[in-house]
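Trainee: Could you take me on a close look at the sheet and whatever packs or bridges around it? I'd like one connected walk-through rather than a list.

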Amino acid sequence: MCIYPAHPVCLSVSRSPLGTEFLRGIVEDGPAAQKPEEVKRLLFCTGKVYYELAKERKSRSLEAEVAITRLEQ
């Protein structure tokens, strides 16, 4: 049983022949990844916290200056 429901933005993507793939680190592919020389801050987080950080980053127009990397267990 899942104690914490998935965030509405979460999507599963099958990448392996078995239908699943575990990634220890999930790096974004947005503006910060496209121009890493402009990044001033790198945040590491886990789980659903990523979506709250991404939402706040967008509301402050910091997509190019703040990169977020998700670490999974």
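Mentor: Sure, vocabulary to start with: strands (E, at least two residues) and helices (H or I, at least four) are DSSP runs, numbered from the N terminus, and two strands pair if DSSP finds at least two bridges between them. Keep in mind that this is a predicted model, where local features need pLDDT of at least 70, side-chain atom pairs count only at pLDDT 80 or more, and totals for chains, interfaces and linings use all residues. Residues are numbered from 1 along each chain as its sequence is written, and side-chain values use heavy atoms, with hydrogens and water left out.

Now the sheet. Three strands make an open sheet, ordered E1-E3-E2, with mixed pairing. Its edges are E1 (25-27) and E2 (41-45), each of which pairs on one side only. On average, neighbouring strands are turned by 25 degrees against each other, direction ignored; axes here are lines fitted to C-alpha atoms, for helices over the stretch in contact, and angles run from 0 to 180 degrees between N-to-C directions.

E2 and E3 (residues 66-71) run parallel and are joined by five bridges. One pairing to look for is arginine 41 with valine 66 in E3. Also in E3 sits threonine 69, which counts as buried because its relative accessibility is 12% (buried is under 20% relative accessible area, exposed over 50%, partly exposed in between, with a 1.4 Å probe and protein chains only). Beyond its neighbours within four places in sequence, threonine 69 touches Ile26, Val27, Leu42, Leu43, Phe44 and Cys45, contact meaning heavy atoms within 4.5 Å.

Across E2 and E3 lies helix H2 (residues 49-59), running at about 170 degrees to E3. That helix takes us to the salt bridges, of which the structure holds two; the criterion is a side-chain nitrogen of Lys or Arg within 4 Å of a carboxyl oxygen of Asp or Glu. In one, arginine 57 meets glutamate 28, with the closest N and O atoms 2.8 Å apart. Arginine 57 belongs to H2 and glutamate 28 to the loop between E1 and helix H1 (31-34), so this pair ties together parts that are 29 residues apart in sequence. Both ends are tucked away: arginine 57 is buried at 11% relative accessible area, and glutamate 28 is buried at 16%.

The other salt bridge joins the side chains of glutamate 56 and arginine 60, at 2.7 Å from N to O. Here glutamate 56 is partly exposed, at 37%, while arginine 60 is exposed, at 56%.
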